[in-house]
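Biologist: I would like a close look at one small part of this protein. Please keep it plain enough for a first-year student.

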Amino acid sequence: MKTLNLGILAHVDAGKTSLTERLLHTAGIIGELGSVDDGSTQTDTLALERARGITIKAAVVSFALGDVTVNLIDTPGHPDFIAEVERALGVLDGAVLVLSAVEGVQAQTRVLMRTLRRLGVPVLLFVNKLDRRGADPERVFREIAEKLTPTAVTMDPDRVIDLLATLDEDFLTEYLTAPDTFTPSRLRAELSAKVAEGRAHPVYFGSAITGAGIDALRDGIENLLPAKEADVHAPLSGTVFKVERAPGGEKIAYVRLFTGSVAVRDKVPLGDGEGKVTAISVFDHGSAVPSGSAEAGRIAKLSGLDVRIGDVLGARTRAREALFSPPTLETVVSPVRPTDRGALHQALTRLTEQDPLIGLRHDEVRQETSVSLYGEVQKEVVQATLADEYGIDVTFSETTTICVERVSGTGSAVELIGTASNPFLATVGLRVEPGSGISFRLEVELGSMPYSFVKAVEDTVKETLREGIHGWEVGDCAVTMTHSGYYARQSHAHGTFDKSMSSTAGDFRDLTPLVLMAALREAGTTVHEPLHRFTLQTPADTLGAVTALLARARAVPRTTITKGGTAELEGEIPAAETHTVHQLLPSATRGEGAMETAFHGYRPVRGAAPSRARTDHNPLERKEYLLRVLRRV
C-alpha cells in the first residue's frame with residue numbers, strides 16, 4: 001500500500017485543527033466531530049492545548065484514503081511554536097495549507113508557504129470558513145496569486161489547461177494538435193506531475209465546520225499529492241522528529257522511516273553507536289497500535305533508544321538545513337518553592353529533549369536557570385507543563401534578547417608548564433581569529449602529546465566559547481592550538497600513580513579557559529543583536545504614523561511601495577523591538593496593518609555593548625578563577 005505523510009499547516013485560527021477533525025470524521029476514524037472551543041479534538045491532547053484552543057505539539061493520526069495510507073500530522077499555527085512546525089516539515093510528502101476565507105493570506109501563511117516551496121514540498125491550498133460572515137473567496141484567491149504563488153489554480157478544467165499550457169510548451173503543442181486525447185484522467189495526471197514538482201498549487205474552497213468542499217479536497221489529497229511505495233529492502237534510514245516520555249520515564253521516539261524496516265529487539269545504527277528497539281507502535285485507523293515491526297514509509301513510535309530530536313537511524317538520506325531561526329529571547333525561571341530547584345533543573349532538561357531549541361543555561365553561583373524561547377505564549381506553555389506534569393510551580397523574570405559575540409581581530413596567548421604563574425601541569429597556547437562557524441585546528445604535531453589531552457583542549461574551547469568577553473556565545477571563530485606540553489606519567493617505586501608530577505586531562509581542561517579568554521581579550525569581540533526582516537502592509541494614509549513607529553523601534557525600511565491605497569514596506573528591525581511594534585501597529589493603522597517578520601541574522605549593537613551575567617568560573621578574572629578551580633580540584 002502507498003503511504004502519504006501529510007502535514008496540515010496554517011496561520012493560527014484559520015481552522016486547521018477543525019479541518020483535521022473533519023478529515024478524520026469523513027474517513028470514519030471518529031464518530032463525531034470534536035470542537036476546538038470545547039477542547040474535545042482528536043489531535044490537541046495537552047491540557048493547555050484544550051484550554052487555549054491552539055495546537056502546541058505536532059500530533060500524528062492515520063487513516064485510509066482509497067489505496068493510500070495517510071499519516072496526517074497536525075502542526076502548531078502560533079509562531080511561538082515554529083520549531084515544532086520545522087521538525088514536522090522534515091518528514092512530509094505533501095501538505096495542505098489552510099487559509100481563512102475571511103482573513104485571507106496572513107503573516108504566518110506567507111512564512112509557511114515560502115518554506116514549503118523552498119523545501120519542494122507539494123502543496124494544496126484550502127480556503128476554509130466559507131460559512132462565515134465576511135467570507136470572500138474571490139478576494140482570497142487573488143491574494144494567494146499575488147502573495148503566495150502565481151501558479152495557484154482552481155479545479156476548473158479550463159483554468160487547469162491554461163496553467164499547464166503556461167508551464168509546459170510540449171503540453172501546449174500537443175493540446176493544440178490533439179485536444180481530444182486530454183481526458184479528465186490525463187489532465188489530472190499532468191497536473192499531479194506539476195504539483196509533485198512544486199510548480200502548481202491547486203486551491204480548494206469549503207468549510208471544515210459544515211463539510212462543504214471536503215470531498216473535493218480528499219480527492220486532491222488522494223490523486224494529486226505524491227504517495228509513495230517505499231523501499232523496504234534497502235538499508236534502514238529514518239529521522240527522529242519528536243520525542244516524548246512514557247509514564248515510566250522511558251523515551252519514545254517518533255521516527256519517519258524513509259527506507260528499510262525495523263523490528264522489536266533489533267539493534268539499529270544510531271550516530272557513532274547503536275540502540276536496541278524494545279517496543280514499536282505504528283499509526284493505524286486513528287491511533288498508535290503495538291506492532292512487531294515497522295516498514296519504510298511509516299511513522300513509528302520506537303522505545304528503548306536514547307535519542308534526541310533530529311537524530312538519524314541508520315543511513316543518512318539527506319542533510320536538511322535549519323529552516324527557522326533559533327530563539328532570540330531568554331528568561332530566568334525560578335521555582336516558587338526553593339526546595340524544587342533540583343527537580344526544576346531535571347524537568348527542564350527533559351523538556352529540552354522534546355524541544356532542542358529551548359536552550360538552558362545554569363548559573364551555579366546564583367543558582368539560577370535561564371531558558372531561551374520564541375515568545376510569551378511559549379513561556380506560558382513551559383510554566384503550565386512544569387506545573388501539570390512535574391508538580392513544580394515557577395515564576396519568570398522579564399524576557400531579554402539573546403545577543404552573540406563576534407571576534408574582531410586576531411589574538412593569542414600561551415601558558416607554559418613549570419612557570420610560577422601556571423599551577424597546572426600543562427602547556428597550552430591558542431590563537432583566535434574570525435572564521436566561519438567554530439573550528440579547532442592544530443599547529444602542534446598531533447603525536448606531541450596524548451590525544452586525550454588534545455581532545456580535552458578542543459572540547460573545553462567549544463564549551464568556553466558559550467560565554468565570551470561580554471557573556472554572550474561566541475560564533476564564527478577559528479581557534480588554533482599553537483603550543484602544547486605535558487609531564488609524562490610518573491609512578492612511585494611501588495607502582496602508584498603520582499598525580500602531583502604527572503599531567504592529566506583535567507590540567508588541560510582547567511588551563512584552557514584562561515588561555516582562550518586572554519586570546520579573545522587581545523583579539524577583541526563585538527556584540528551583535530538579532531535582526532529580523534519585516535514586510536508590513538498598511539493603508540497608505542497611515543504611512544506617516546507607521547514610519548514614526550518603525551523609527552522609534554530602530555527599524556530600517558529599505559523599500560516602500562504604494563499600490564491601490566495600500567503601502568508595503570520591507571526592511572530590518574531589531575528582534576527586541578518586534579513585540580512592541582506588533583502591539584502598537586493596530587492602533588497606528590486602525591487595526592488594518594499587518595507585519596510579517598523572519599530571522600535575518602545579526603548586526604553590531606549601537607552604543608554601549610550589553611553584557612550577560614556569567615555562569616562559568618569567570619576565566620576573565622584570573623585570581624577569582626584560580627581560587628574557584630583549585631578549590632574544586
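In which strand does Val474 lie, and what surrounds that part of the chain?

Modeller: A caution to begin with: this is a predicted model. Val474 lies in strand β27, which covers residues 473-475. Its relative accessibility is 3%, and because buried means under 20%, Val474 counts as buried. Leaving out residues up to four places away in sequence, Val474 touches Glu405, Val407, Ile438, Leu465, Gly468 and Leu520. Lys462 can serve as a distance marker: 12 residues separate Lys462 from Val474 in sequence, and their C-alpha atoms are 9.4 Å apart.

One of those contacts, Ile438, leads to a sheet, since residues 438-442 make up strand β26. In general, the strands of a sheet pair through backbone hydrogen bonds, and the pairing can be parallel or antiparallel. Here 4 strands form an open sheet with mixed pairing, in the order β24-β25-β28-β26. Its edge strands are β24 (411-415) and β26, each of which pairs on one side only. From one strand to the next, the twist averages 20°.

β26 runs parallel to β28 (residues 477-485), and 5 bridges join the two. Within this pair, Ser439 stands opposite Ala478 of β28. Two helices pack on the sheet. Helix α12 (residues 451-464) touches β25 (427-434), β26 and β28, and its direction makes about 155° with that of β26. Helix α13 (residues 505-523) touches β24, β25 and β28, and its direction makes about 35° with that of β25. Leu520, another residue that Val474 touches, falls within the residue range of α13.

Methods
Residues numbered from 1 in each chain as written. Predicted model: local features only at pLDDT ≥ 70, side-chain atom pairs only at ≥ 80, totals over all residues. Heavy atoms only, no water. Buried < 20%, exposed > 50% of the residue type's maximum accessible area, 1.4 Å probe, protein only. Contact = heavy atoms within 4.5 Å. Pairing = 2+ DSSP bridges. Axes fitted to C-alpha atoms, helices over the stretch in contact; angles between N-to-C directions.
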